[in-house]
Amino acid sequence: MNTLNLSEPRPLSEALSGRDSWSRFTMKQRLMRYGGFAAAAAVVAWALGSIDVIWAWVWDSPAQMADLFGRMMPPDASNLPSILEAIWQTVNIATLATLIAVFVSLPVAYIAAQNTTPNRTCLWLGRFILVSSRSVNTIIWALLFVAIFGPGIVAGIVAIMFRSIGFLGKLLGEAIEEIDRKPVEALEACGASQFKIVLYAIVPQVMPAFFAVSILRWDINLRESTVLGLVGAGGIGMILQGAIDTFNWPEVSMVLLTILSLVIFGEMVSSFLRRKIL
């Protein structure tokens, strides 16, 4: 089969005679694509074969879900005061943890940025803190601090805070690395101190990113704090876990509806703040 050569002008009748044809991929490219598809299919087949899936339960899951949702209706609002109190604790956990994490992440972001770090040792120290914070899930942090502080909202606040430092420091550090160097160089030429350089040349440029990242992290923390109670770290998750353990499905549905309302509320607040501040 001949391949159509577009670099040489040819009569239209000869081009349409059927002796030449156009192909998107060469034979080597097609073989590589088919080999990639075959390798992906083999990996998926191996993954399905390596996990212990009880397929009878999978096929029966629609009936079980319908039965469970039937038991959840109608939602039971008899425990609503306790649910609202737990929701308020959840909001406090997310808010306090975000505030603390914001202030802790600022120096970490400063030393983790290549253009502001004092030396290479501080650079790798800052990046180690960011990576270690982000590599551990919030639930794992909560389990650790429940063992240290005991059950309650203190463990939840510290767990959310430790998880947020990596997120905030990473994004703020990247914002610092992307600043315009001209204001910094101008202040350095005038003999300004490092504190004044940070205050007047760096902070004004990263302030929009600072507010945007902080609001985004508060919104994320509001969602993550709803499940901390499952491991004893306070909030609405404790009531949810208790209702599940006692098979009180109407109360479970009431708690889930309350959590959904909280998430919608958080989305509205974060959108309002972004419009007003940014």
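Start with α6 and α7, which are oblique to each other (angles under 35 degrees count as roughly parallel, over 145 as roughly antiparallel, 65 to 115 as roughly perpendicular, and the rest as oblique). Helices here are DSSP runs of H or I with at least four residues, while strands are E runs of at least two, numbered from the N terminus. Select residues 138–149 for α6 and 153–177 for α7: the two pack at an angle of about 140°, and their axes lie 8 Å apart. Those axes are lines fitted to C-alpha atoms, for helices over the stretch in contact, with angles running from 0 to 180 degrees between N-to-C directions. Turn the view and you'll find that α6 passes α7 in a right-handed crossing, meaning the near helix is turned clockwise from the far one by less than a right angle.

Before moving on, some housekeeping. You're looking at a predicted model, where local features need pLDDT of at least 70 and side-chain atom pairs count only at pLDDT 80 or more, while totals for chains, interfaces and linings use all residues. Numbering runs from 1 along each chain as its sequence is written, and side-chain values use heavy atoms, with hydrogens and water left out.

**Stop two: a nonpolar patch**

Select Val44, Leu48, Ile51, Trp55, Val58 and Trp59 and show them as a surface. Together they form a nonpolar surface patch with about 620 Å² of accessible area. The elements giving two or more residues to the patch are α2 (27–50) and α3 (55–72), and α3 supplies the largest share, 3 residues. Patch members have over 30% relative accessible area and no salt bridge; nonpolar side chains (Val, Leu, Ile, Met, Phe, Trp, Tyr) are joined within 5 Å, and like charges within 9 Å. The areas come from the Shrake-Rupley method with a 1.4 Å probe, and for residues only the protein chains shown count as cover.

Now pick out isoleucine 51, in the loop between α2 and α3. Its relative accessible area is 44%, so isoleucine 51 is partly exposed (buried is under 20%, exposed over 50%, partly exposed in between, using a 1.4 Å probe and protein chains only).

**Stop three: two backbone oddities**

Go to the loop between α3 and α4 (80–112), where proline 74 sits. The peptide bond leading from methionine 73 to proline 74 is cis, with omega near -5°.

Then jump to phenylalanine 247, in the loop between α10 (236–245) and α11 (249–277). Its phi is near 60°, a positive value in a residue other than glycine. Phenylalanine 247 counts as exposed, with 60% relative accessibility.

**Stop four: salt bridges**

Side chains of opposite charge can pair when their charged atoms come close. This structure holds 7 salt bridges, each with a side-chain nitrogen of Lys or Arg within 4 Å of a carboxyl oxygen of Asp or Glu.

Try aspartate 67 and arginine 71 to begin with: their side chains meet at 3.2 Å, N to O. Both are in helix α3, and because they are 4 residues apart, about one helical turn separates them. Aspartate 67 is partly exposed at 36% relative accessibility.

Next, select arginine 127 and glutamate 177, whose closest N and O atoms are 3.3 Å apart in a salt bridge. Arginine 127 belongs to helix α5 (residues 120–135) and glutamate 177 to helix α7, so this pair ties together parts 50 residues apart in sequence. Arginine 127 is partly exposed at 27%, and glutamate 177 is partly exposed at 33%.

Now show glutamate 224 with arginine 217, another salt bridge at 3.3 Å, N to O. Glutamate 224 is partly exposed at 21% relative accessibility, whereas arginine 217 is buried at 4%. Add Asp219, Arg223, Glu267 and Arg274 to the selection: salt bridges with shared partners join these four into one network.

**Last stop: buried serines and a few distances**

Click serine 225, in the loop between α9 (194–224) and α10. Is serine 225 buried or exposed? At a relative accessible area of 0%, serine 225 is buried. Draw a C-alpha to C-alpha distance from serine 225 to isoleucine 153: 9.8 Å in space, with their positions 72 residues apart in sequence.

Serine 270, in helix α11, is also buried, at 0% relative accessibility. Its C-alpha is 27 Å from that of leucine 199, which is 71 residues away along the chain.

Finish at alanine 186 in helix α8 (residues 181–189), partly exposed at 40%. From there to threonine 98, 88 residues apart along the chain, the C-alpha separation is 34 Å.
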